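Fancy a bit of practice at reading a protein model? Please have a look at the sequence and structure below, then try the exercises.

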There are 2 protein chains.
Amino acid sequence: MAVQRSAKGRRPGNQDTRGEILTAARHAFAAKGFAGASIRGIAAEAGVDAALVHHYFETKEQLFLATVDIPIVLTDLVAQVTASGLDGLGDRLIRTILKVWDSELQPSLVAAVRTALTDPGLTRSISEFLTLEVISRILTAVDLPEAEASRRAGLVASQVLGVIMGRYVLKLSPLVAQSPEEIASAIGPTLQHYLSGDLPSAPGQGSSADRADARGFDG
Amino acid sequence: MAVQRSAKGRRPGNQDTRGEILTAARHAFAAKGFAGASIRGIAAEAGVDAALVHHYFETKEQLFLATVDIPIVLTDLVAQVTASGLDGLGDRLIRTILKVWDSELQPSLVAAVRTALTDPGLTRSISEFLTLEVISRILTAVDLPEAEASRRAGLVASQVLGVIMGRYVLKLSPLVAQSPEEIASAIGPTLQHYLSGDLPSAPGQGSSADRADARGFDG
């Protein structure tokens, strides 16, 4: 195989170097989680300079996505989804997710989910990655009140995860049968409600002020 | 090990017989899915009479739950959840699910999900089991209009699956941090909305009559 040339003229290493970095990264993420693993530690295990890891993968987040074989530039997606702030965010979020998962990436994404769930170390990495990178970036971008941000993030994550698991991994027939438009039109308002609607406070928790108004549904 | 005595006085077989039935059942469910596998075929593979399979496991559904090591009597749970019909069903559904998953069964349930997702055959079984047994039983019990039942079932499944995956399997911190009461108070209304609220119809599909009213959220 031909050695790739670097546009920046730096010594690019070769295919094996890239592979060794990925192997070291997989070990590190599995052993230490996404938060605990470091580019420096991964570089040391692969026997290369940390700069070379950045050269190939730019960020820890992109390195992680590469270890699970998902060629997505997450920052671009997050920027796209959060571009217009909180208004209509639920709708943009579910439509972006459906677009990515209904694309040619689907087999890689499903394989990544399967692999991640077989290995508790990798499950932890994925979990930390979702929480720290994906969810917190979206929340930061739209600037929710901090006190409620975590609860809302959890609810959003629960609905998004369920659509992904049900439609793409388990392939439940009632979810596969619906068009992306049908799903988005029903799920978008739920996500928006979790993001910006009035959530009922649990007894003994949060503000008890206007409990009667704290209903976000017509039912 | 002592041979179990059957209350009905029938020859109960022994521990190995039960184990052989479970092994045959695991093979059958993985190869043919939940719908395709039969008690008769499983009995034949285990070299026992079909009656003995029923003796140990009563139904195919309970046999399936035994293969994934989950000692739940599903019919009891469904009866409990659907007892009062559609009214308040969303709330009862999420509370029952949280009760089961926050119980001492949690490790078995998480292990079952992990195992199920590693093996495409087993994933298919679980998917068929959820669709045919769990979801359709609940829908039958509450008698939803057939045209909408499948779409509503898919939406309910997506939210329920996401809570299970996020809180118990991935253990996402914003979901683990919430009390069952907090989760139920936010998720219950979503489920009720999916079950009985006005769902927006996707463009070009379903009734276009009262689109303006077809909003179930305040947002």
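Here are some exercises, each with a worked solution.

Before you start: this is a predicted model, where local features need pLDDT of at least 70, side-chain atom pairs count only at pLDDT 80 or more, and totals for chains, interfaces and linings use all residues. Residues are numbered from 1 along each chain as its sequence is written, chains are lettered from A and ligands numbered from 1 in the order in which they are written, and side-chain values use heavy atoms, with hydrogens and water left out.

**Exercise 1. A bridge from loop to helix**

Find the salt bridge between Asp102(A) and Arg167(A), and work out which parts of chain A the pair ties together.

Step 1: Start with the rule. A salt bridge is a side-chain nitrogen of Lys or Arg within 4 Å of a carboxyl oxygen of Asp or Glu. The N to O distance for Asp102(A) and Arg167(A) is 3.1 Å.

Step 2: Place both residues. Asp102(A) sits in the loop between α6 (89-101) and α7 (106-118), and Arg167(A) is in helix α9 (residues 146-169), so the pair ties together parts of chain A that are 65 residues apart in sequence. Helices here are DSSP runs (H or I, at least four residues), numbered from the N terminus.

Step 3: Check how covered they are. Buried means under 20% relative accessible area, exposed over 50%, and partly exposed in between (1.4 Å probe, protein chains only). Asp102(A) is partly exposed at 35%, while Arg167(A) is buried at 8%.

Step 4: Now try chain B. Asp102(B) and Arg167(B) form a salt bridge too, with their closest N and O atoms 3.1 Å apart.

**Exercise 2. A bridge within one helix**

How far apart in helix α9 of chain A are Glu148(A) and Arg152(A)?

Step 1: Count along the chain. These two are 4 residues apart, which separates them by about one helical turn.

Step 2: Recall some helix geometry. An α-helix has 3.6 residues a turn, so residues three or four places apart point the same way.

Step 3: Look at the atoms. Glu148(A) and Arg152(A) form a salt bridge, the closest N and O atoms being 3.0 Å apart. Glu148(A) is partly exposed at 35%, but Arg152(A) is buried at 5%.

**Exercise 3. Where the chains meet**

Describe the interface between chain A and chain B.

Step 1: Get the area. About 4,300 Å² is buried between chain A and chain B, with carbon and sulfur atoms giving 65%. Buried area is the accessible area (1.4 Å probe) that two parts lose on being put together, summed over both.

Step 2: Look for salt bridges. The rule finds 0 across this interface.

Step 3: See which elements take part. On the side of chain A that touches chain B, α7, α8 (120-142), α9, α10 (173-176) and α11 (180-196) each give two or more residues. The largest share comes from α9(A), with 13 residues.

**Exercise 4. A covered helix**

How many of the 8 residues in helix α4 (residues 60-67) of chain A are buried?

Step 1: Go through the helix. The buried residues in α4(A) are Glu61(A), Gln62(A), Leu63(A), Phe64(A), Leu65(A), Ala66(A) and Thr67(A).

Step 2: Give the count. That makes 7 of the 8, and the helix is mostly covered.

Step 3: Look just past the helix. α4(A) is followed by Asp69(A), whose phi is positive, near 65°.
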